[in-house]
Amino acid sequence: MELHSLKPAEGAVKKRKRIARGVGSGHGRTATRGHKGAKSRSGFKNKRNFEGGQMPLQMRLPKIGFNNHNRKSYTAINLDNLQAMSEKYGVEKFDMETLVKLGAAGKNDLVKILGNGELKGKFEVVAHAFSKSAKAAIEAAGGSATVAE
């Protein structure tokens, strides 16, 4: 085998498609752009969702849904979660900084304490909202439930 006898495999190398080089090239006249229309012109740029002047799909379909911007969405934390965090980390005071640090809530979340479960110790809890049963259970255990701003 000699260097000058090396050739690429059969079908590995194709000739470049030379567009607009005369009718005899097979890609002349309309230069592979078809006949007339905006797509055949130079400088054509297709707009997103443009359907050739037909009313686009997103405008034909009805508007659905409603987002109430005044609705508050709370991150719920149950009393049994507070009890578990207290046992695991030895925490007695639950405020927003503590809940964020322990991963129970995000720093921009609104937190609501719910009354599922029971408390074995007295805790000082500061949250954005409390259910009636949660507030009663916290205060019955000797703790305090304070609403944060």
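This report covers two surface patches and one strand residue in a predicted model.

## Positive patch

Four residues, Lys15, Arg16, Arg18 and Arg21, together form a positive patch on the surface. Among them, Arg16 sits in the segment that precedes helix α1, which spans residues 57-60.

The relative accessibility of Arg16 is 67%, so this residue counts as exposed. The cut-off for that class is over 50% relative accessible area.

## Nonpolar patch

Met1, Leu3 and Leu6 make a nonpolar surface patch of about 450 Å². One of its members, Leu3, is placed in the segment before α1.

Leu3 is classed as exposed because its relative accessibility is 76%. Membership of a patch requires over 30% relative accessible area and no salt bridge.

## Ala76 in strand β1

Strand β1 covers residues 74-78 and contains Ala76. With a relative accessible area of 49%, Ala76 is partly exposed. This class lies between the limits of under 20% for buried and over 50% for exposed, so a value of 49% falls within it.

Leaving aside residues up to four places away in sequence, Ala76 touches Lys112 and Leu114. Ala76 and Ala105 are separated by 29 residues in sequence, and their C-alpha atoms are 8.8 Å apart in space.

## Summary of the residues

Arg16 belongs to the positive patch and Leu3 to the nonpolar one. Arg16 is exposed, Leu3 is exposed, and Ala76 is partly exposed. Arg16 is found in the segment before α1, as is Leu3, whereas Ala76 lies in β1.

Conventions: Residues are numbered from 1 along each chain as its sequence is written. This is a predicted model: local features need pLDDT of at least 70, side-chain atom pairs count only at pLDDT 80 or more; totals for chains, interfaces and linings use all residues. Side-chain values use heavy atoms; hydrogens and water are left out. Patches are made of residues with over 30% relative accessible area and no salt bridge: like charges are joined within 9 Å, nonpolar side chains (Val, Leu, Ile, Met, Phe, Trp, Tyr) within 5 Å. Accessible areas come from the Shrake-Rupley method with a 1.4 Å probe; for residues, only the protein chains shown count as cover. A salt bridge is a side-chain nitrogen of Lys or Arg within 4 Å of a carboxyl oxygen of Asp or Glu. Lys and Arg count as positive and Asp and Glu as negative; His and the chain ends are not counted. The place of a charge is taken as NZ of Lys, CZ of Arg, CG of Asp or CD of Glu. Helices (H or I, at least four residues) and strands (E, at least two) are DSSP runs, numbered from the N terminus. Buried means under 20% relative accessible area, exposed over 50%, partly exposed in between (1.4 Å probe, protein chains only). Contact means heavy atoms within 4.5 Å.
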